[in-house]
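Hi there,

Here is the structure I promised to pass on to you. Please have a look at it first, and then read my notes below.

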Amino acid sequence: MSPRGRLIVFLLGGAGFAVLFVLGTVHLPDFGGTWHPYGERTVSNAVARHTPNVISSINFDQRAFDTLGEELILMASALAAVVVLRGVRAEQEETAGAHEYGPAEVFDALRITGYLLLPITLVAGVYIVAHGSLSPGGGFQGGIVLGSAIHLVYLAGDYPALARIRPIPVFESGEAVAAGAFVLLALAAAGQVTAMNAAVGAEVGCAVVLVLAKFFEQALLVRTSS
Amino acid sequence: MSHLAYLIPGWILLVGVYGIVTSRNLVHAVVCLSVAQSATYVLLLVIGYRRHATAPVFSDIKPTGDVVDPIVQALTLTDIVVGATVTALLLALTVQVAKRRGTVDPDRLRSLEP
């Protein structure tokens, strides 16, 4: 289909969507109103079960079974990304440091900032995971912070060091163990908000590290053998 | 006028889909899909909004205070997580497409085989 034809189809579909969407919103309750029957019930339940962060209470206590599905979607996607990015025939992988690449030439200020931020970011990530039931945060958010934190080493210009501090097999097992622990918790002990936050944090962190590791391999190490 | 806020997510969705339709680059298309998906975040938060209310976290406020609807916020969290993983998967596919076919222009990827 020509770009012009595609645009016409989009305009027709978009106009239809716009009409239906506007009609659909006309009878919604007023924006910013006070009528939130489900919200009020979850709030009173969360307070009764001593989880001040109502979002965490919903995700890991009142709707823990749904979060199990979300968690498995995350794992399946991460797994699929890793499988899609695996090396194939006619490609060979160079080991990091085979060329004796040292740390890249970066400004000292950047390098020092990276190394200084690394422990701070790791502590912040652990704090966000551990305090997920009390203050804004939780396993998903903290896991992302933890997974991203160790890539500060890469931003500081040292890929070989990054490859050393994140041994892939360890993170693969960590991902599997954390996912298994979360399934067990969700089925047997839903409501243990802190424990579930920890399991989710570990799994998300491992997933981020694994997926990013595969992207790094594609960008830096995989070469088509000629 | 009070319903105007509900129209914002529809507009964001249309902008995102327009980007996908006119895209000449798969990475650009993946980003446009993220934009289209962010419409659902806005829709959920607009539905849960409550005037003069604060975040549903009771660490430092009395449990009787007005808070915005926490259910849609939890759904938004789920939404963001799923959106991020889907983006990662699509970018992985884009990497493979670029390697196998030497192009990321959707118009030059008509047939399944090169």
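**Two helices in chain A**

α5(A) and α6(A) are roughly antiparallel to each other, because their angle falls in the class over 145 degrees (under 35 would be roughly parallel, 65 to 115 roughly perpendicular, and the rest oblique). Helices here are DSSP runs of H or I with at least four residues, numbered from the N terminus. Before going on, please note that this is a predicted model, in which local features need pLDDT of at least 70 and side-chain atom pairs count only at pLDDT 80 or more, while totals for chains, interfaces and linings use all residues. Residues are numbered from 1 along each chain as its sequence is written, and chains are lettered from A and ligands numbered from 1 in the order in which they are written.

Back to the pair: α5 (residues 108-130) and α6 (residues 139-149) of chain A pack at about 165°, with axes 8 Å apart. The axes are lines fitted to C-alpha atoms over the stretch in contact, and angles run from 0 to 180 degrees between N-to-C directions. Among the residues making the contact (C-beta atoms, placed from the backbone, within 7 Å) are L118(A), L122(A) and I128(A) of α5(A), and V145(A) and L146(A) of α6(A). The contact has eight nonpolar, six polar and no charged residues. Nonpolar here covers Ala, Val, Leu, Ile, Met, Phe, Trp, Tyr, Cys and Pro; charged covers Asp, Glu, Lys and Arg; the others, Gly among them, are polar.

**A pair in chain B**

In chain B, α1 (residues 4-21) and α2 (residues 26-48) pack at about 170°, their axes 7 Å apart. That makes these two, α1(B) and α2(B), roughly antiparallel. Residues of α1(B) including Y6(B), I12(B) and I20(B) meet residues of α2(B) including C32(B), A39(B) and V46(B). By class, 18 are nonpolar, four polar and none charged.

**Where the chains meet**

On the interface, 44 residues of chain A are in contact with 40 residues of chain B. α1(A) gives the largest share of chain A's side, eleven residues. That side of chain A has 28 nonpolar, twelve polar and four charged residues.

One residue to look up is F31(A), in the loop between α1 and α2 of chain A. Leaving aside neighbours within four places in sequence, F31(A) is in contact with S2(B), H3(B), A5(B), Y6(B), V46(B) and Y49(B). F31(A) counts as partly exposed because it has 17 C-beta neighbours inside 10 Å (20 or more is buried, 12 or fewer exposed).

Best wishes

Note on methods. Contact = placed C-beta atoms within 7 Å.
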